[in-house]
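Thanks for coming. I'll take one structure this morning and go through it piece by piece. Please have a look at the sequence and the model on the screen.

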Amino acid sequence: MSFRTLDDADLAGKRVLVRVDLNVPMEAGKVTDTTRIDRVLPTIREISQKGGKVILLAHFGRPKGRDPKDSLKPVAVALAHRLGQPVIFVDDCIGEDAAKAVAAAKSGEVLLLENTRFHAGDEKNDAAFVRALAANGDIFVNDAFSAAHRAHASTEGLAHVLPAYAGRTMQAELEALSAGLDNPARPVMAIVGGAKVSTKLELLGNLVKKVDVLAIGGGMANTFLAARGINVGKSLCEHDLLATAREIEEKARVAGCEIMLPVDALVAREFKANPGHRVVPITEVAADEMILDAGPLSVAEVVLKLDTVRTLVWNGPFGAFELHPFDTATVTVAKAAAERVKAGRLVAVAGGGDTVAAMNHAGVADELSYVSTAGGAFLEWMEGKALPGVEALRAR
């Protein structure tokens with residue numbers, strides 16, 4: 001790894017500013033999903049056990065100035081419960097209150113400072129705000145990959161004024177991503193699904209140059225099918241992007257990347273759970289039908305292809321997985337990938353919002369090599385973009 005990690009840091013007696021992702025779902029003032037909290041616990045515990053003061057920095061929501069509804073105070077309660085030790089909440093992330101709380105804390109104690117985005121200087125990466133944050137720390141640890149695509153004060157600026165290291169969650173993410181596309185075991189297969197080609201143009205353009213096989217599913221597959229002259233009925237389809245789809249196919253051909261599209265489909269006349277539906281060859285979709293999932297022959301082809309590759313990178317479902325039976329393709333392929341990971345035959349990295357939900361739905365989120373909870377950062381990495389918060393951690 002070309003990144004400094006906690007293995008390289010002397011933590012004892014140090015004030016350790018740790019950027020974490022605590023942007024968790026809330027309802028009636030209580031955290032409803034602790035996944036992001038649980039991900040940062042190993043880093044917090046390690047710094048605490050090694051005698052550092054753990055000073056957590058995080059954002060919550062999209063506040064424009066100080067707003068009580070975007071306070072991290074309720075999150076401190078949930079964090080303390082999951083951590084199994086007290087968390088001292090501080091009403092600001094800079095200034096006198098923060099300085100006094102940090103000075104009063106003992107080695108090994110954990111503090112959560114108030115929402116960094118209550119200050120406009122965070123998103124602006126303002127130099128004065130960076131210095132104000134840095135005044136409370138000796139070391140900076142970034143454990144928030146999900147915010148690493150933003151050059152903010154608390155994600156990137158601090159890494160230039162304090163010794164900076166990747167936390168354990170960030171380290172795991174970077175190692176998984178490196179194994180996925182940067183230095184993968186070949187052949188490499190990518191699965192890209194989701195509703196629209198337009199939201200993933202850069203992603204597709206990057207992947208055809210990096211992977212050996214690209215399987216396209218979801219609504220975006222319909223645009224590629226239509227570009228091949230196939231009638232997709234009432235299916236979601238971006239007819240204004242047919243020329244773009246053909247250009248991507250041509251780039252794939254030149255790069256030697258095989259593109260897989262559905263050869264059959266589950267179709268229905270209504271978009272709802274358990275409607276009347278049928279399986280048809282992809283060329284026999286009726287004018288009043290919608291393609292809502294890949295069919296069994298398509299699934300079988302993808303599963304067979306998994307046996308010929310060593311690395312899988314996955315973003316986006318094959319169909320409308322929230323509605324039964326249109327979750328069939330996504331669940332079947334996910335379970336097949338998990339089986340091959342367990343057998344040591346495949347490295348499988350998945351990420352992006354819908355993808356995480358789909359892997360949880362399939363019951364394999366803990367069985368793949370890595371599932372990234374980062375949305376925008378994961379997509380930008382797949383697009384081949386440098387992430388400011390990651391670049392700032394590179395060993396210099």
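Cys93 is buried, because its relative accessible area is 1%, under the 20% cut-off. Cys237 falls in the buried class too, at 14% relative accessibility. How many disulfides are there? The count is zero. The rule asks for two cysteine sulfur atoms within 2.5 Å. Keep in mind throughout that this is a predicted model.

Now the chain as a whole. It has 14 helices and 17 strands. The radius of gyration is 23 Å, and the globule rule gives 21 Å for 396 residues, so the chain is as compact as a globular protein of that length. Along the principal axes, the C-alpha atoms fill a box of roughly 70 × 45 × 40 Å. Of the 396 residues, 58% are buried. If you take contacts between residues at least 6 apart in sequence, 73% of them join residues at least 24 apart.

Next, strand β9, residues 188-192. Is β9 enclosed or open to the outside? Five of its five residues are buried, so β9 is largely enclosed by the rest of the structure. In a regular strand, side chains alternate between the two faces of the sheet. In β9, Val188, Ala190 and Val192 point one way, while Met189 and Ile191 point the other way. Both sets are buried.

Which strands does β9 pair with? One is β15, joined to β9 by five bridges and running parallel to it. Another is β10, residues 213-216, which is also parallel to β9 and is joined to it by four bridges. To place these on the screen, find Met189, which stands opposite Leu312 in β15. Then find Ile191, which stands opposite Ala215 in β10.

Just ahead of β9 there is a point about the backbone. Pro187 lies in the loop between α6, residues 168-182, and β9. The peptide bond from Arg186 to Pro187 is cis, with omega near 5°. There is another cis bond, from His324 to Pro325, with omega near 5°. Pro325 sits in the loop between β15, residues 311-315, and α11, residues 328-342. As background, most peptide bonds are trans, and most residues other than glycine have a negative phi.

That brings me to phi. Ala28 has a positive phi, near 50°, and is not a glycine. Where is Ala28? It is in the loop between β2 and β3, with β3 covering residues 30-31. Ala28 counts as exposed because its relative accessible area is 83%, and the cut-off for exposed is over 50%. Asn274 is another residue other than glycine with a positive phi, near 50°. Asn274 is in the loop between β12 and β13, and at 53% relative accessibility it is classed as exposed.

Since we are at β12 and β13, here is their sheet. It is an open sheet of three strands in the order β13-β12-β14, with antiparallel pairing. β13, residues 277-281, and β14, residues 290-294, are the edge strands, each pairing on one side only. From one strand to the next, the twist averages 40°. Helix α10, residues 296-306, packs on this sheet and touches β12, β13 and β14. The direction of α10 makes about 140° with that of β12.

Within the sheet, β12 covers residues 264-268 and is joined to antiparallel β13 by five bridges. One pair to look for is Ala268 and its bridge partner in β13, His277.

Last item: Asp21. It is in the loop between β1, residues 15-19, and β2, residues 26-27. Is Asp21 buried or exposed? Asp21 is buried, with a relative accessible area of 8%. What does its side chain reach? At 3.0 Å there is the backbone nitrogen of Asn23. The side chain of Asp21 also makes a polar contact of 3.2 Å with the side chain of Arg36. Leaving out neighbours within four places in sequence, Asp21 is in contact with Arg36, Ala144 and Ser146.

To go back over two points: the disulfide count is zero, and β9 has five of five residues buried. That's what I have on this one. I'll take comments now.

Technical notes
Residues numbered from 1 in each chain as written. Predicted model: local features only at pLDDT ≥ 70, side-chain atom pairs only at ≥ 80, totals over all residues. Heavy atoms only, no water. Buried < 20%, exposed > 50% of the residue type's maximum accessible area, 1.4 Å probe, protein only. Pairing = 2+ DSSP bridges. Helix = DSSP H or I, 4+ residues; strand = E, 2+ residues; numbered from the N terminus. Axes fitted to C-alpha atoms, helices over the stretch in contact; angles between N-to-C directions. Contact = heavy atoms within 4.5 Å. Polar contact = N/O pair within 3.5 Å; in protein donor to acceptor, adjacent residues only side chain to side chain. Rg over C-alpha atoms; globule rule 2.2 N^0.38 Å.
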